[in-house]
Amino acid sequence: MKKSRLTEAQIMSVLRQAEGGIPVPELCREHGISSATFYKWRARYGG
């Protein structure tokens, strides 16, 4: 399995930013991830 470029702490930070009101497409562009990756993270790490 491929290793993630971001650590778990960084992933949690991205999810917290989304909870804070930043739009998902903007977060995805900023961090260089796809929206599918974001929603997969949200399912795995809660949020």
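## The largest pocket

Two helices do much of the framing here: α1 (8-19) and α3 (35-45) each put at least two residues into the lining of the largest pocket. The biggest share comes from α3, which brings five residues. Keep in mind that this is a predicted model.

How big is the pocket? Its volume works out at about 450 Å³. In total 16 residues line the largest pocket, and those closest to its centre are Lys-2, Lys-3, Ser-4, Arg-5 and Trp-41. As for chemistry, the lining is a mix, with six nonpolar, six charged and four polar residues.

## The overall fold

Stepping back to the whole chain, you'll find three helices and zero strands. Going along the sequence, that reads as α-α-α. The C-alpha trace spans about 30 × 20 × 15 Å along its principal axes.

## Surface and burial

What percentage of the residues count as buried? Of the 47 residues in the protein, 21% do. A residue gets that label when its relative accessible area is under 20%.

The accessible surface adds up to about 3,600 Å². Carbon and sulfur atoms account for 52% of that surface.

## Charges

On the charge side, the protein carries 8 positive side chains and 4 negative ones. If you take the centre of each set, the two lie 9 Å apart. Charged residues also turn up in the largest pocket, where six of them are part of the lining.

Notes: Residues numbered from 1 in each chain as written. Predicted model: local features only at pLDDT ≥ 70, side-chain atom pairs only at ≥ 80, totals over all residues. Heavy atoms only, no water. Helix = DSSP H or I, 4+ residues; strand = E, 2+ residues; numbered from the N terminus. Buried < 20%, exposed > 50% of the residue type's maximum accessible area, 1.4 Å probe, protein only. Areas by Shrake-Rupley, 256 points an atom, 1.4 Å probe, with all protein chains shown as cover. Lys, Arg positive; Asp, Glu negative; His and termini not counted. Charge placed at Lys NZ, Arg CZ, Asp CG, Glu CD. 1 Å grid on protein atoms, 1.4 Å probe; cavity = no way out; pocket = protein on both sides within 12 Å on 5 of 7 lines; lining within 4 Å. Points joined across faces, edges and corners; volume = space filled by probe spheres on them. Nonpolar A, V, L, I, M, F, W, Y, C, P; charged D, E, K, R; others polar.
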